[in-house]
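Biologist: I would like to learn how to read a model with two chains, feature by feature. Could you take me through this one?

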Amino acid sequence: MDPFLIIELIKGKFPGEVTGQGSFASQSWAVLGKGRVADICRYLKEDPDIKMDYLIDVTAVDYMPRAPRFEVVYQLHSIKHGHRLRLKVPVEEKDATIQSVTSVWRTANWHERETYDMFGIEFTGHPELRRILMPDDWEGFPLRKDYPIEGPKWTFEPWPEG
Amino acid sequence: MGPQHPSTHGVLRLVLELDGERVMSCKPYIGYLHRGSEKLAEVKSYQQIVPLTDRFDYLSCGNNNLAYAIAVEKLMGIEVPERADYLRTIVAELSRISSHLLWLATHAADIGAVTVLLYTLRERELILDLFELLTGARLTVSYVNIGGVRRDAPKEFFDRCDEFIKILPAKIDDYNTLIMENRIWLGRTKGIGVIPYDEAIDWGLTGGSLRGSGVDYDLRKAIPYAAYDRVEFDVPLGTHGDVYDRYIIRVEEMRQSIRIIKQCLKDMPDGPYKADIPAVTLPPKDRVMADIETLVHQFVLVSKGFEVQKGEVYVGCEVPKGELGFYIVSDGGTSPLRMKVRSPSFVNLQCLPRMVYGRMLADIVSCIGSIDIVLGEVDR
C-alpha cells in the first residue's frame, strides 16, 4: 500500500493529529502531534490492511537550536504487506515526555530505554524506564547536542592523596 | 552472571533470581562495551564513519560496511557500478559464513561440544586469509565504502575463493556429524527457548531468531540490495522456534551463502569498481602522485569530506545477526546530524528474559548462544 494512503487513513481516523508529512528518497513519513501516539500506533498495528505489526526502531533526533527541540522517530514495517512508514513526533525541551508504545509492541521497551538514556525524553507508561547503556547513576544525556563529545569533565586521580 | 563469563559472548551482565535451578527472573545489564559510536558519527565525515561501522558486529564487518554504504548512497542518490555490487555481495556472504562459523564454534563450545570450535575455526582461518588478500586486514576490513569498494579484487582472490567454496560443503557436513543428531545436543537444544510466531514479530526479532519461529522475513529477499536480486538462493525457515531450529537454519544459511558466492563468481562483470563521481570517490592512486590536481582532489576529499544534501533515510540490511539499520539525518554538512544504528543484537537480546523464564540455569547459556549476540553490536 502506498505510504501516503496510510497517512490519509490516519488523518481520517484521527483528525487533527497529523500535522505534516514528507518524503525523501522514496521513503515517507508523517508528523504527528504528541497527544494520541499510542492510539495511532495501535490502529496502525491492528488494522488488517495496514498491519504494521513490526516496530523496527524508536529513536530521537536533537535539532537544537530549533524549537521543538527533539523529534521522536518510529520506523514501522508490515511483514504481511511489506510497506514501511516513519512517524515523527516533535517533543519540546521543557516538557520532554511522550506516551510509551510498549503496550502496542513489546520490542519498544529497550528502544525507549535507550532513547531516555541518550536524550532524557521520558516515556509515560513504560514499565521500567531506567538507563540501559550508561551506568545507572550517570548524570547527563550523552546524545544531546550540548553534551561534549569528549565526555564530562572529570579529573581522574590514579594515586589519590591520603 | 557477571560481565566476565566465558559463555556470555562478551561483556554481558545478567542478574538472575533463581529458585533452586529454575530462573525466576533475568535482567540483562548492558553498556559495558558502549563506545559512543553514534555521538562520534556526528563529528566525523561520512567516509570516516566506515571504520566505525566495522566495529559494531566485529565478526561480520563486510555486512556492516555494506549497510552503512547503502544508506549513505540512498541519501545521496548514488548508483554503484555492477562490478562493485557483485564484489560487495561476495564480501558480505564471506563475512556471513565467517560469522556463522564463529557462532557455531562458540554456541557449541558453551553447550559442551568443544570439538566443533576447533573444526570451524580452521575454516574461518581460510576466510580471514581471503580477506587479508583482498583488503589487507583480517577482521575489520572496511572494504565497502561509499561509492563502491576500496580496491579491485586480484585474480588470485577469485581463484582462492573458488577453491574455498569447493571444500566448504564437505566441512559443513563434518560439523553436522559431530552434533546434529547427538543425543546430548538434542537434549540441550530441542524445546528450549521457544518463541512462537506472533511473539517473535512483537519482540522485534530479526535474522535467524525470527526465521526459527517460521516468519519468512529476510531483507535480502524483501528489499533487495547489492546483487541479491540477481542471484538465486533460498531462505531456510524453522517450525518450532527453539534453539535447535535456529541452529539448523544458520547451518543451512551457510550453504546458501556458498551458493550465492558461486553464482557471483560466475557472473562477475567487468568494469569499474567504484562510481566515478569526483565529489565523492577518491581518484585513482597512481594519478595522485603524478599530478598536482589529483593530489589536491585526494587531499580535500580525505581531510574535509564531502557534503551531503539535506534529507533523511532509513535503510536496513540483512547481516548475519538480523536487520542492521542505519537512520541517517543530514543537514547539509560533511557529518551526519544524527546517525542511529538499529542493531539486531540489541533488539534480539531483549527477548532473553522471556526465553529463559522458568527454565534451568544451563538453558540460559543455550539461549544466549542461539540468539547470536555480539556485544559490540549490542552496545555500539
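Modeller: What follows goes from chain A to the interface and then to selected elements of chain B. Keep in mind that this is a predicted model.

Biologist: Let us begin with chain A. How many helices and strands does chain A have?

Modeller: A count of elements and their order give a first outline. Chain A comes to 3 helices and 7 strands, and along the sequence they follow the pattern α-β-β-α-β-β-β-β-α-β. The C-alpha trace of chain A spans about 70 × 30 × 30 Å along its principal axes.

Biologist: What share of chain A is buried?

Modeller: Of its 162 residues, 38% count as buried. Another quantity is the sequence separation of contacts. In chain A, among contacts with a separation of 6 or more, 48% are between residues 24 or more positions apart.

Biologist: Next, the interface. How many residues of each chain are in contact with the other chain?

Modeller: On the side of chain A there are 26 residues, in contact with 31 residues of chain B. Three elements of chain A, namely β3 (54-62), β4 (70-77) and α3 (108-119), each supply at least two residues to that side. The most come from β3(A), with 6 residues. By class, the side of chain A that touches chain B has 16 nonpolar, 6 polar and 4 charged residues.

Biologist: Now the sheet in chain B. In which order do its strands lie?

Modeller: The open sheet has 3 strands in the order β5-β6-β7 (chain B), with antiparallel pairing. β5 and β7 of chain B each have a single partner strand, so one side of each is left without a neighbour in the sheet. On average, neighbouring strands of this sheet are turned by 10° against each other, direction ignored.

Biologist: How many bridges join the strands β5(B) and β6(B)?

Modeller: Strand β5 (residues 311-319) of chain B is joined to β6(B) by 9 bridges, and a hairpin of 2 residues connects β5(B) to β6(B). On the other pairing, β6(B) and strand β7 (residues 338-342) of chain B share 5 bridges, again in the antiparallel sense.

Biologist: Which residues stand opposite one another across these strands?

Modeller: Phe326(B) in β6(B) stands opposite Val315(B), and Phe326(B) also stands opposite Val341(B) in β7(B). The bridge partner of Cys317(B) is Leu324(B) in β6(B). In a regular strand, side chains alternate between the two faces of the sheet.

Biologist: How many residues of β6(B) are buried?

Modeller: In strand β6 (residues 322-330) of chain B, 9 of 9 residues are buried. Helix α3 (residues 61-76) of chain B lies across β5 and β6 of chain B, running at about 150° to β5(B).

Biologist: How should I describe two helices that pack together?

Modeller: Two packed helices are described by the angle between their axes and the distance between the axes. Here, the axes of helix α11 (residues 243-267) and helix α16 (residues 361-371), both of chain B, come within 9 Å and cross at roughly 30°. The crossing of α11(B) past α16(B) is left-handed.

Biologist: Which residues make that contact?

Modeller: From α11(B) come Val243(B), Arg246(B) and Tyr247(B), which meet Ser366(B), Cys367(B) and Ser370(B) of α16(B). By class, the residues of this contact divide into 3 nonpolar, 2 polar and 1 charged.

Biologist: And for a single helix, what should I check?

Modeller: Compare its span with the expected one, then see which residues are buried. Helix α5 (residues 115-135) of chain B has 21 residues and reaches 31 Å from first C-alpha to last, close to the 30 Å expected. Its buried residues are Val116(B), Thr120(B), Glu123(B), Leu130(B), Phe131(B), Leu134(B) and Thr135(B). The buried residues of α5(B) pack against α4 (82-111) and α6 (155-179) of chain B. Just after α5(B), Gly136(B) takes a positive phi of about 100°.

Biologist: One residue to finish. Is Thr53(B) buried or exposed?

Modeller: Thr53(B) lies in helix α2 (residues 49-54) of chain B. Thr53(B) is buried, because 27 other C-beta atoms lie within 10 Å, and 20 or more are enough for that label.

Biologist: Which residues does Thr53(B) contact, leaving aside its neighbours within four places in sequence?

Modeller: With those set aside, Thr53(B) is in contact with Asn64(B), Asn65(B) and Tyr68(B). Thr53(B) and Asn65(B) are 12 residues apart in sequence and 5.9 Å apart in space, C-alpha to C-alpha.

Key
Residues numbered from 1 in each chain as written. Chains lettered and ligands numbered in written order. Predicted model: local features only at pLDDT ≥ 70, side-chain atom pairs only at ≥ 80, totals over all residues. Axes fitted to C-alpha atoms, helices over the stretch in contact; angles between N-to-C directions. Helix = DSSP H or I, 4+ residues; strand = E, 2+ residues; numbered from the N terminus. Left-handed = near helix turned anticlockwise from the far one by under 90°. Contact = placed C-beta atoms within 7 Å. Nonpolar A, V, L, I, M, F, W, Y, C, P; charged D, E, K, R; others polar. Expected span 1.5 Å × (residues − 1). Buried ≥ 20, exposed ≤ 12 C-beta atoms within 10 Å, placed from the backbone. Pairing = 2+ DSSP bridges.
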